[in-house]
Amino acid sequence: MTASARQEIATLLRNRRPGFPLEAPFYVSPEVFALDLELIFARHWLHVAVEPEMAEPGDFITVELGTASIILLRDDDGQIRGFRNVCRHRGARLLTEPRGFVGNLVCPYHNWTYDLSGRLVHAGIMGRDFDPTCLGLKPVAVRCIEGLVFACLAEDPPADIEEMAADVSPYLAPHNIANLKLAHQSELIENGNWKLVMENNRECFHCANHPELLRSYPHLTAVGAQAVTAEERADYEAFQRLHGEFEAIWEAQSLPWRAIEKLDGRPTGYRTQRLALDGAGESFTLDARAACAKPTGRFTSPRLGSLHLHTQPNSWNHFLGDHAVVFSVFPVAPDKTLVRSRWLVAKDAVEGIDYDLSRLTEVWNATNAQDASFVGWAQAGAADPAYVPGPFAPAEYQVNSFDNWYVERMIAGLEGPARARLAAE
Ligand code: FES
Ligand SMILES: [Fe+2]
């Protein structure tokens, strides 16, 4: 990309109007997409997996980030490790499947072989003087937080991941995520830029168009008192009473529930909060009752509401008393994004006895499909010459926070090298 193209993008970022979505190029331009991969996805902690996806030594997943690919696997000592998916001989892709099991990592080209710690253990006919010890796989930084797996491609990953770990671990720990079982996963390609996928997730203004989700998810959750209209007041007060009931449940079980919100102004942005659910209050099902008979974690009753965790730039997660559902977002093209969803249940839960897969997944499968439509419409609109960013509602403040974070991180990335150069001169 030319220096002037970078300069133009930097100017657009600096001129961004707070309280409004981004200008069209941020959703449609191939140059911006390339910069997103370079400055956001290659430099920040990404939500890439949950430990139960790699339950046994040798289990792996791969994550594609533009032209980069990473391998995440569980090694022989039970640790989750990350590697660049590039052979150290002549660079071939080592693993081409999204998930699977390996004893060793064997390159499909000339069969160089790496063990699960990334060490080169076999290289064939390389000659007597060949030294394999310095040709191990390039590592990728990995940080597991209570069963959630974060990875960072940078050589100096943002240190504030530790603050996030300290903040969110007490909320996550009772759910014992590392010891849950992967019941189902889905991969959905949405026809929109990754930022439109994230923006769509960061508000529930549109939740009236999620009838299945609204059977359990209180529509007013994300609306503060100041945003409630006269017609909504009775519903709002009912929600406040419901929340009071759940607060008593959480307090009785020593479950932290108050919101922690550090969505912008920092490299690692996040938000967590425990929230009430409507009706039976147990799960994201059509009757709001548990989808799985075996509770998760240390719980004995599923009536716990939902623990939310949002992480910038690419995830949202819900942890309930009977299951968990976690989502990671990966950019594919300026107008294409992969949403990876996983449903987790107690390790000893048996499909067909303790849970029915279609009942477990139907609400979020429907919600994902609806969200994919919304994102597709937003992408079409952003590509239309008539597009002009319109104002956010108060209930959309987290969309604004996401855009704030994105703009800050992009500017930091664009200015960083220039500043470093100046300081060195
Ligand atoms: S490129 Fe992998 S063994 Fe040759
Ligand atoms: Fe939605």
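Let's begin at His-210, which is buried, with a relative accessible area of just 1%. Keep in mind that this is a predicted model, so every value here is computed from its atoms. What does His-210 do in this picture? Its NE2 atom is one of the donors that coordinate the iron ion (ligand 2). His-206 joins in through its own NE2, and Asp-371 appears twice in the donor list, each time with an OD atom. The distances run from 2.0 to 2.8 Å.

Now look at how those donors sit around the metal. Is the site regular or irregular? It is irregular, with angles of 51 to 148° among the 4 donor atoms. Four donors would count as tetrahedral if all angles lay between 85 and 135 degrees, and the angles of 51 and 148° fall outside that range.

Next, trace the donors along the chain. Their spacing reads H-x3-H-x160-D. His-210 is in the loop between H5 and helix H6 (233-252), while Asp-371 is in helix H7, so the pair links distant parts of the chain, 161 residues apart. Asp-371 is buried too, with a relative accessible area of 9%. Why do His-210 and Asp-371 both count as buried? Because the cut-off for buried is under 20% relative accessible area, and the values are 1% for His-210 and 9% for Asp-371.

Asp-371 also takes us to another feature, since this residue helps to line the largest cavity. The structure holds 1 cavity of 30 Å³ or more, and the largest has a volume of about 40 Å³. Along with Asp-371, its lining is made up of Glu-190, Val-197, Asn-200, Asn-201, Trp-316 and Asn-368. Which elements give two or more residues to this lining? They are helix H5 (194-201) and helix H7 (357-382), and H5 gives the most, with 3 residues. Sorted by class, the lining has 2 nonpolar, 3 polar and 2 charged residues.

H5 and H7 turn up again when we move on to the second largest pocket, where each supplies at least two residues of the lining. This time the largest share comes from H7, with 5 residues. The pocket has a volume of about 430 Å³. To find it in the model, look for Leu-196, Glu-199, Glu-203, Ala-378 and Glu-396, which lie nearest its centre among the 17 lining residues. And what classes do the lining residues fall into? They divide into 10 nonpolar, 4 polar and 3 charged.

Finally, let's check the cysteines. A disulfide is a covalent bond between the sulfur atoms of two cysteines. How many disulfides are there here? The count comes to 1, and the link joins Cys-204 to Cys-207, with an S to S distance of 1.8 Å. This link is left-handed, with -95° about the S-S bond, and both of its cysteines are buried.

Cys-152 is another story: it is in no disulfide. The nearest cysteine sulfur, that of Cys-144, is 14 Å away, whereas a disulfide needs the two sulfur atoms to be within 2.5 Å. Is Cys-152 buried or exposed? It counts as buried, at 1% relative accessibility. Cys-107 counts as buried as well, at 2%.

Definitions and conventions:
Residues numbered from 1 in each chain as written. Chains lettered and ligands numbered in written order. Predicted model: local features only at pLDDT ≥ 70, side-chain atom pairs only at ≥ 80, totals over all residues. Heavy atoms only, no water. 1 Å grid on protein atoms, 1.4 Å probe; cavity = no way out; pocket = protein on both sides within 12 Å on 5 of 7 lines; lining within 4 Å. Points joined across faces, edges and corners; volume = space filled by probe spheres on them. Helix = DSSP H or I, 4+ residues; strand = E, 2+ residues; numbered from the N terminus. Nonpolar A, V, L, I, M, F, W, Y, C, P; charged D, E, K, R; others polar. Donors = N, O, S within 2.8 Å, 3.2 Å for Na, K, Ca; no water. Tetrahedral: all angles 85-135°; square planar, octahedral: opposite > 155°, others 65-115°. Buried < 20%, exposed > 50% of the residue type's maximum accessible area, 1.4 Å probe, protein only.
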